[in-house]
Amino acid sequence: MPTEPTAPAAPDAPGPVPDKVRFDGVTKRFGDHTVLDGLDLAVAPGERVTLIGPSGSGKTTILRLLMTLERVTGGVIHVDGEPFSHMPSGPSGRGGRGGRGGPGGPGGKLVPADERHLARRRRHIGMVFQQFNLFPHMSVLANLTEAPVHVLGLGKEEAAERARELLALADKADAHPTRLSGGQQQRVAIARALAMRPDVLLLDEVTSALDPELVAEVLDVLRDVAATTDLTMLCVTHEMGFARDISDRVLMFDGGRVLESGPPGALLDDPGHERTRSFLRSLH
Ligand code: ADP
């Protein structure tokens, strides 16, 4: 029997290895509002992709779908060549009709197996949010050890050691997040995401809530992460200098579609669309 290639080449797939993340015809609707409209997007392992575009163009929704905080309305997401999305129905033949966290029902083996697979895979995708989302009632150290202990099953000592390695703010380990500056809180949030040893890191406007003088310290930490790891990164940002420094590719979104994409130098300095030019001008 002829075998199918495991990772059919997407139009912009950069190599023969399976894409780390691939969106195939992904549609997302909220009610009758179509936010993503048949999105095709392939991200190679280790690639750094920055998503830019006007507010409401669907950038955050892409990250939230990857965190399984939202479900696709249509199409399919693959991670490492395997179906990853919650699907109302799908081409994978693996079921996919299960409700999130639903009981599965007698004989419904495929659905819980898919749910478990999804949950396992999902652990290796980390996200840093605009509003930090730290646990306010826990110390900085506890914020960093909570998921490694309870989700990965690490021992408390091992988790604490991992946390201290990641946390440059060692003297703040026992402080509560509310005692820290916004920049420090965001650095803790980055360390918390990294403590799960993700292979995909999603950054959602991580400096937008910060006072201007605190932006640089957070971006410097992320530049360091980009330079010292092989993490696949998807980044939504309005910081074009940062996008230029870390990105292999910048995608300009408009109305839930990729209007244009290219290396940061080309796209940011010489965009092909007037829409991109006016968006970039609006940031100054
Ligand atoms: P961006 O990140 O490009 O600003 P988003 O992905 O946050 O865009 O949002 C795209 C559109 O989807 C916006 O119009 C937003 O109001 C809408 N949207 C996002 N999440 C929800 C939701 N949970 N319910 C209804 N509409 C939503």
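How many of the residues of strand E8 (residues 232–236) are buried? In this predicted model, 5 of its 5 residues are, so to speak, tucked away: E8 is mostly covered. Let's use that strand as the way in, and work outwards from there.

Start with the two faces of E8. In general, side chains in a regular strand alternate between the two faces of the sheet. In E8, one side carries Thr232, Leu234 and Val236, the other carries Met233 and Cys235, and both faces are covered, with every one of these residues buried.

Now look sideways, along the sheet. E8 pairs with strand E7 (residues 200–204) in the parallel sense, over 5 bridges. If you want one spot to check on screen, find Leu201, whose bridge partner in E8 is Met233. E8 also pairs with strand E3 (residues 48–52), again in the parallel sense, this time over 4 bridges. There, Val49 has Leu234 as its bridge partner in E8. E7 and E8 are also linked through a helix: together with helix H6 (residues 212–228), they make a right-handed β-α-β unit.

Zoom out a little and the whole sheet comes into view. It's an open sheet of 6 strands with mixed pairing, and the order reads E6-E7-E8-E3-E9-E10. Strand E6 (125–128) and strand E10 (257–262) are at its edges; each has a single partner strand, so one side of each is left without a neighbour in the sheet. From one strand to the next, the twist averages 20 degrees. Moving along from E3, strand E9 (residues 249–254) pairs with E3 in the parallel sense over 4 bridges, and Ile52 stands opposite Met252 in E9.

Back to Leu234 for a moment, since it ties several of these pieces together. Leaving out residues up to four places away in sequence, Leu234 touches Val43, Val49, Leu51, Leu63 and Leu202. As a rule, nonpolar side chains in soluble globular proteins tend to be buried together. Here the largest nonpolar core has 61 residues, and Leu234 is among those with the most contacts inside it, along with Leu51, Leu202 and Leu203.

There's a second sheet to visit. This one is an open sheet of 4 strands in the order E2-E1-E4-E5, with antiparallel pairing. Its edge strands are strand E2 (33–43) and strand E5 (82–83), each of which pairs on one side only. Strand E1 (residues 21–30) and E2 pair in the antiparallel sense over 7 bridges, and you can spot Arg22 standing opposite Ala42 in E2.

Helix H1 (residues 59–66) lies across E1, E2 and strand E4 (74–79), running at about 115 degrees to E1. Ile62 sits in this helix. Is Ile62 buried or exposed? Count the C-beta atoms around it: 20 or more within 10 Å is what makes a residue buried, and Ile62 has 27 others within that distance, so it is buried. For a sense of spacing, Ile62 and Arg116 are 54 residues apart in sequence and 22 Å apart in space, C-alpha to C-alpha.

For contrast, head over to Asp174, in the loop between helix H4 (156–166) and helix H5 (182–194). A residue counts as exposed with 12 or fewer C-beta atoms within 10 Å; Asp174 has 10 others, so it is exposed. Setting aside residues up to four places away in sequence, Asp174 touches Ser139 and Leu141. Leu141 is 33 residues from Asp174 in sequence, yet their C-alpha atoms are 6.2 Å apart in space.

H4 itself shows both situations in one helix. Ala159, Arg162 and Ala163 are its buried residues. Viewed down the helix axis, the buried residues of H4 fall within an arc of 100 degrees, so they line one face. Helix H3 (140–150) is part of what covers them. On the other side of H4, Glu157 and Glu165 are exposed.

Finally, step back to the protein overall. The secondary structure comes to 9 helices and 10 strands. Of the 284 residues, 37% count as buried. And among contacts between residues at least 6 apart in sequence, 60% join residues at least 24 apart.

How values were computed: Residues numbered from 1 in each chain as written. Predicted model: local features only at pLDDT ≥ 70, side-chain atom pairs only at ≥ 80, totals over all residues. Pairing = 2+ DSSP bridges. Right-handed = clockwise from strand over helix to strand, strands pointing away. Contact = placed C-beta atoms within 7 Å. Axes fitted to C-alpha atoms, helices over the stretch in contact; angles between N-to-C directions. Core = buried A, V, L, I, M, F, W, Y, C linked by C-beta atoms within 7 Å. Arc of directions from axis to C-beta.
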